[in-house]
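User: I've got this model open and want to know how labels like "buried" or "salt bridge" get decided. Can we go through some of them?

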Amino acid sequence: MSILVNNNHKNNPHLPPPLPTQNSSFSLMSVLNRERLNEDGSNYLDWIITLSFMLRYENKEYVLDDDVPELGENAIPDEVIAYNKHYDESTKVACLMLPTMASGLQKNFENWGAYDINQQLRDMFQEQSRQERFEIVKSLMACKQQEGDFVCAYVQTMKSYIDRLGNLGVELPKELTIDMVLNSLSSLYS
């Protein structure tokens, strides 16, 4: 009924005004707090992927991969503006990153910029990512559809492994992934 009232308000000035809606602005912190970085980095990959998605939404993902540029003595106004923008966004992103980390990690990075935090975490937890990549490849290679399994569900399982590898930086050619899926289907689909 409130939808009807809201739509008819323009046509009938005697109806009460529509109720105010809540601010629907996107909250980065609520999403990031769902994926808190553990002290041991065991969930680093999930954490950085979530962070990257949120920063991409805000057009700030670049601060993870690009350090704040240095300003020369004779910097022109455009360079100063670019520097200030990058510095401010790096600081804001670092302020988003810190509360989503375990307290021990927070203490290590209190005064760091987003780029430096990202580089250090990548160095710290890179070996774990390598192990995760190995486990995913092993699972992918062991996939074989069983008689009676639904094709759609089975293909989704394989796709999840392939997507997970992509998140780890392993991009398989499309033709190869198709061949892998087709090869792993049961003999009914030969």
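User: What makes Tyr 44 buried?

Analyst: This is a predicted model, so treat every value here as computed from it. Tyr 44 has a relative accessible area of 7%. The cut-off for buried is under 20%, so Tyr 44 gets the label. Trp 47 passes too, at 1%.

User: Why is the pair of Tyr 44 and Trp 47 called tilted?

Analyst: Their ring centres are 6.4 Å apart, and rings pair if the centres lie within 6.5 Å. The planes sit at 35 degrees. Stacked needs under 30 degrees and edge-to-face needs over 60, so this pair lands in the tilted class. Tyr 44 and Trp 47 are also three residues apart in helix H3 (residues 44-57), which puts about one helical turn between them.

User: And what makes Phe 109 and Trp 112 edge-to-face?

Analyst: Here the angle between the planes is 85 degrees, and the label asks for over 60. The centre-to-centre distance of 4.9 Å fits the 6.5 Å limit. The two residues differ in cover: Phe 109 is buried at 2%, whereas Trp 112 is partly exposed at 34%.

User: How many aromatic pairs are there, and which residues form a cluster?

Analyst: The structure has four aromatic pairs. Tyr 44, Trp 47 and Phe 125 make up one aromatic cluster.

User: Which residues have the most contacts inside the largest nonpolar core?

Analyst: Those are Trp 47, Met 97, Met 101 and Leu 121, in a core of 33 residues. H3, helix H4 (62-65), H5, helix H7 (114-142), helix H8 (151-167) and helix H9 (174-184) each give two or more residues to this core. H3 supplies the largest share, with seven residues. As general background, nonpolar side chains tend to be buried together in soluble globular proteins.

User: What does Met 97 touch?

Analyst: Leaving out residues up to four places away in sequence, Met 97 touches Trp 47, Leu 51, Leu 64, Ala 114, Ile 117 and Asn 118.

User: How do you know that Asp 46 and Arg 164 form a salt bridge?

Analyst: The N to O distance between their side chains is 2.7 Å, and the rule allows anything within 4 Å, so the pair counts. Asp 46 lies in helix H3 and Arg 164 in helix H8, so this bridge ties together parts that are 118 residues apart in sequence. Both ends are partly exposed: Asp 46 at 28% and Arg 164 at 22%.

User: What about Glu 89 and Lys 85: how far apart are N and O?

Analyst: They are 3.5 Å apart, which also meets the 4 Å limit. Glu 89 and Lys 85 both belong to helix H5, four residues apart, about one turn of the helix.

User: Why is Glu 89 called buried but Lys 85 partly exposed?

Analyst: Glu 89 comes out at 13%, and buried means under 20%, so the label fits. Lys 85 has 46%, which falls between the 20% and 50% limits, so partly exposed is the right call.

User: What makes Lys 138 and Glu 135 a salt bridge?

Analyst: Their closest N and O atoms are 3.6 Å apart, and the limit is 4 Å. Both lie in helix H7, three residues apart, about one turn of the helix. Lys 138 is partly exposed at 45%, and Glu 135 is partly exposed at 33%. Elsewhere, salt bridges that share partners link Asp 46, Glu 132 and Arg 164 into one network. The count by this rule is seven salt bridges.

User: How many disulfides does a search of the whole structure find?

Analyst: Zero. To qualify, two cysteine sulfur atoms have to lie within 2.5 Å. As for exposure, Cys 95 is partly exposed at 49%, just as the range between 20% and 50% requires. Cys 143 is buried at 15%.

User: What does the secondary structure of the protein chain come to?

Analyst: Nine helices and zero strands. Of the 190 residues in the protein chain, 28% are buried. The protein chain exposes about 13000 Å², with 53% of that supplied by carbon and sulfur atoms.

Methods. Residues are numbered from 1 along each chain as its sequence is written. This is a predicted model: local features need pLDDT of at least 70, side-chain atom pairs count only at pLDDT 80 or more; totals for chains, interfaces and linings use all residues. Side-chain values use heavy atoms; hydrogens and water are left out. Buried means under 20% relative accessible area, exposed over 50%, partly exposed in between (1.4 Å probe, protein chains only). Rings of Phe, Tyr and Trp (its six-membered ring) pair if their centres lie within 6.5 Å; planes under 30 degrees apart count as stacked, over 60 as edge-to-face and the rest as tilted. Accessible areas come from the Shrake-Rupley method with a 1.4 Å probe; for residues, only the protein chains shown count as cover. A nonpolar core is a set of buried Ala, Val, Leu, Ile, Met, Phe, Trp, Tyr and Cys residues joined through side-chain atoms within 4.5 Å. Contact means heavy atoms within 4.5 Å.
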